[in-house]
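Here are a few notes from a look through the model, point by point. Have the structure open while you read.

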Amino acid sequence: MYKFNSHSNLVFGIILSISFGAKNIRFTEVVNSIFISREGINSQIIWDIRIPRVLSAALVGAYLSVSGAILQGITRNPLAEPSIIGITQGAIFTIAVFLAMKKA
């Protein structure tokens, strides 16, 4: 039995998320478009829309995990969350101020 590691799961998840969208593209066509041929409308959709979307989502997730680790390291609390030092309350206050200033 083959045991999947986190890297293969990440690659599989990225390819799977590239294949789903307003137009479903088959898994094999995604792999062919990425590694073999860059011709056709599906390849253009993959390279111009879906790959940047997936890469930005992966980077945002990585940045959020690093910021959570930094927050836990600074507070020396493995259960640290943003509400401990007022980040959540500051964000809510900022949203409330901008909503109050918004012109209808």
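1. Leaving aside its neighbours within four places in sequence, which residues is Asn42 in contact with? This is a predicted model, and in it Asn42 touches Lys23, Ile25 and Glu29 once neighbours within four places in sequence are set aside. Asn42 belongs to helix 3, residues 41–75. With a relative accessible area of 13%, Asn42 is buried, because that value falls under the 20% cut-off.

2. Now the nonpolar core. The largest one has 9 residues: Ile15, Ile18, Ile25, Val30, Ile34, Ile45, Ile46, Ile51 and Val54. At least two of these residues come from each of helix 1, helix 2 and helix 3, and helix 3 gives the most, with 4 residues.

3. Have a look at Ile18 while you're there. Not counting neighbours within four places in sequence, Ile18 is in contact with Val30, Ile34, Ile46, Arg50, Ile51 and Val54.

4. On to the aromatics: searching the whole structure turns up 1 aromatic pair. The ring centres of Phe12 and Phe27 are 5.9 Å apart and the planes sit at 55 degrees, so this pair counts as tilted. Phe12 is in helix 1 (residues 6–19) and Phe27 in helix 2 (residues 27–35), so the pair ties together parts that are 15 residues apart in sequence. Both rings belong to partly exposed residues: Phe12 has a relative accessible area of 47%, and Phe27 has 36%.

5. One last ring to check is Trp47: Arg38 lies over its face, at 3.9 Å from the ring centre.

Terms used
Residues numbered from 1 in each chain as written. Predicted model: local features only at pLDDT ≥ 70, side-chain atom pairs only at ≥ 80, totals over all residues. Heavy atoms only, no water. Phe/Tyr/Trp six-rings, centres within 6.5 Å; stacked < 30°, edge-to-face > 60°. Helix = DSSP H or I, 4+ residues; strand = E, 2+ residues; numbered from the N terminus. Buried < 20%, exposed > 50% of the residue type's maximum accessible area, 1.4 Å probe, protein only. Lys NZ or Arg CZ within 6 Å of the ring centre and 35° of its normal. Contact = heavy atoms within 4.5 Å. Core = buried A, V, L, I, M, F, W, Y, C linked by side-chain atoms within 4.5 Å.
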